[in-house]
Amino acid sequence: MSVTYLKAGKPAADRAEEDAQVAGAVAATLKDIETRGDVAVRELANKFDRYDRETYRLTDAEIEEIIAQVTPQEMADLKFAQAQVRNFAQAQRDSMLDIEVETLPGVILGHKNIPVQSVGCYVPGGKFPMVASAHMSVATASVAGVPRIIACTPPFNGVPNPAVIAAMHLGGAHEIYVLGGIQAVGAMALGTETIDPVHLLVGPGNAYVAEAKRQLFGRVGIDLFAGPTETMIIADETAADAELCATDLLGQAEHGYNSPCVLLTNSEKLARATMAEVERILTILPTADTARKSWEDYGEVIVCDTYDEMLTVADDIASEHVQVMTDRDDWFLEHMTCYGALFLGPRTNVANGDKVIGTNHTLPTKKAGRYTGGLWVGKFLKTHSYQRVLTDEAATMVGEYGSRLCMLEGFVGHAEQCNIRVRRYGGINVPYGEGAPYREKAE
């Protein structure tokens, strides 16, 4: 196997040290929020959001006033994007069926898909107001039927961002707060004097927001463990050129200073041309300061000999976004197993996936694509099973097996749960604390 790194990113050890520093700061902040509630949240909002008010929840009148600042064209665009997200989420929801089956005569088993009862949706807004994140979280939760949806977003340039507030409102948020960072995530999960805690946290965020969600997991549910945006391009010379590859790499590198972006190819010519094209575009890209830092520290260019090697490397990296531009895109779709989302063919791109096409853009990072997919309508639903035994014969037959299997494990009290029913419904005298006797069953 021949895998050559023409460019490599920071060593994993350097990234681990950064993560540890963030974890310590987050732990202390969450403890402060839990201890002092609204007072701590207000101090943090003043310090980091530079935004102070009596309550961070917007009133209906304030929401209407803020949304009025959105132009008709912007509102039309928001509604179009949200319709695509809702349509796909509804199709996914329709695929999730409640079931009830009779697995044995008189034995009924089933499951129901029940919405999570309260969700906190975080919509980032530091350097960029992430309008689309409101569609992905709030609107998708609404399709799932969540009865209480609250949404938090930081102020943008000192005030609520009209497009974000509009997207939250259109999506179906029941409560909207102008609150960012750890203070928003902590308040939604832990609760304060004025904010009731939620059962589930969803939405992307910076390293501190992601770490806060990780530390809060268990007390509340979360959508997934998320880190900085990642992108990978799998390309060959038949379907992509240097300009296309470089544009798509830098389009995601501009997210932040630590956004990994990887080119994986079987063409050294394409690899070197793309590296040169990246340098050219960085001289004209308005967000070059951010994109260059990501590219220099976390950009990688990997050349393989074969498509099979490319597949192995891609699954090992398990990138959040994977664009495939080759002469065998369907082959990668069939064989790839570890990723956040696939974007197939040169006409497809991550930006459309992020903003408008309809699939959800909250996706696993840091190799989490090995064990989970991204946010979708099913994340807002809990699948609960139930069982019902209808006949004396079924209660007796299942109880006999259950009794003996409980005794096999040493659980006498468990066995008696089975035995009492064998006695009552089957008329079989099982001695207390013993397993039910084996009986030949009629064929």
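Trainee: With which residues is Gln252 in contact, leaving aside its neighbours within four places in sequence?
Mentor: This is a predicted model. Gln252 lies in helix H9. Beyond its sequence neighbours within four places, Gln252 is in contact with Thr229, Thr231, Ser259, His321, Val350, Ala351 and Asp354.

Trainee: Does Gln252 count as buried or exposed?
Mentor: The cut-off for buried is under 20% relative accessible area. Gln252 has 6% relative accessibility, so Gln252 counts as buried.

Trainee: On which strands does helix H9 pack?
Mentor: Helix H9 covers residues 242-253 and packs on the sheet. Its direction makes about 170° with that of S9. The strands touched are S9 (231-235), S10 (261-265) and S12.

Trainee: In what order do the six strands of the open sheet run?
Mentor: The pairing in this sheet is mixed. From one strand to the next, the twist averages 20°. The order is S1-S11-S10-S9-S12-S13.

Trainee: Which strands stand at the edges of the sheet?
Mentor: Look for strands with a single partner strand. One side of each such strand is left without a neighbour in the sheet. The edge strands are S1 (3-7) and S13 (341-344).

Trainee: What is the bridge partner of His321 in S13?
Mentor: Strand S12 spans residues 321-325. S12 and S13 pair in the parallel sense, over four bridges. In S13, the partner of His321 is Ala341.

Trainee: How many cavities of 30 Å³ or more does a search of the whole structure find?
Mentor: The largest cavity has a volume of about 30 Å³. The search covers the whole structure, and the count is one.

Trainee: Which elements give two or more residues to the lining of the largest cavity?
Mentor: Start from the lining itself: His321, Ala341, Phe343, Gly353, Asp354, Thr359, Asn360, His361 and Leu363. Ala341 appears there, and Ala341 is also the bridge partner of His321. The elements giving two or more residues are S13 and helix H14 (350-355).

Trainee: Which residues does the UniProt annotation "binding site" cover?
Mentor: The annotation comes from an unreviewed entry. Some of its residues have come up already, including Gln252 and His321. The full set is Thr229, Gln252, His255, His321, Asp354, Glu409 and His414.

Trainee: How far apart are the farthest two C-alpha atoms of these annotated residues?
Mentor: The residues span 186 residues in sequence. They do not all gather at one spot, because the farthest two C-alpha atoms are apart by 55.5 Å.

Trainee: Which of the annotated residues does the lining of the largest cavity include?
Mentor: Compare the UniProt set, which covers Thr229, Gln252, His255, His321, Asp354, Glu409 and His414, with the cavity lining. The lining includes His321 and Asp354.

Trainee: With which residues is Asp354 in contact, leaving aside its neighbours within four places in sequence?
Mentor: Asp354 sits in helix H14. At 7% relative accessibility, Asp354 counts as buried. Its contacts are Ala132, Met136, Gln252, His255, His321 and His361.

Trainee: Where is His255 found, and which residues does it touch, not counting those up to four places away in sequence?
Mentor: His255 is in the loop between H9 and S10. At 29% relative accessibility, His255 counts as partly exposed. The residues touched are Phe128, Met130, Thr229, Thr290 and Asp354.

Trainee: What is the relative accessible area of His414?
Mentor: His414 lies in helix H16, residues 412-426. UniProt includes His414 under "binding site" in the unreviewed entry. His414 is partly exposed, and its relative accessible area is 40%.

Trainee: What phi does Ala318 have?
Mentor: Most residues other than glycine have a negative phi. Ala318 lies in the loop between helix H12 (307-317) and S12. Ala318 is buried, with a relative accessible area of 0%. Although Ala318 is not a glycine, its phi is positive, at about 55°.

Trainee: What phi does Lys366 have?
Mentor: Lys366 is in the loop between H14 and strand S14 (381-389). Lys366 is not a glycine, yet its phi is positive, at about 50°.

How values were computed:
Residues numbered from 1 in each chain as written. Predicted model: local features only at pLDDT ≥ 70, side-chain atom pairs only at ≥ 80, totals over all residues. Heavy atoms only, no water. Pairing = 2+ DSSP bridges. Axes fitted to C-alpha atoms, helices over the stretch in contact; angles between N-to-C directions. Contact = heavy atoms within 4.5 Å. Buried < 20%, exposed > 50% of the residue type's maximum accessible area, 1.4 Å probe, protein only. 1 Å grid on protein atoms, 1.4 Å probe; cavity = no way out; pocket = protein on both sides within 12 Å on 5 of 7 lines; lining within 4 Å. Points joined across faces, edges and corners; volume = space filled by probe spheres on them. UniProt positions renumbered as here; feature names shortened; annotations may be inferred.
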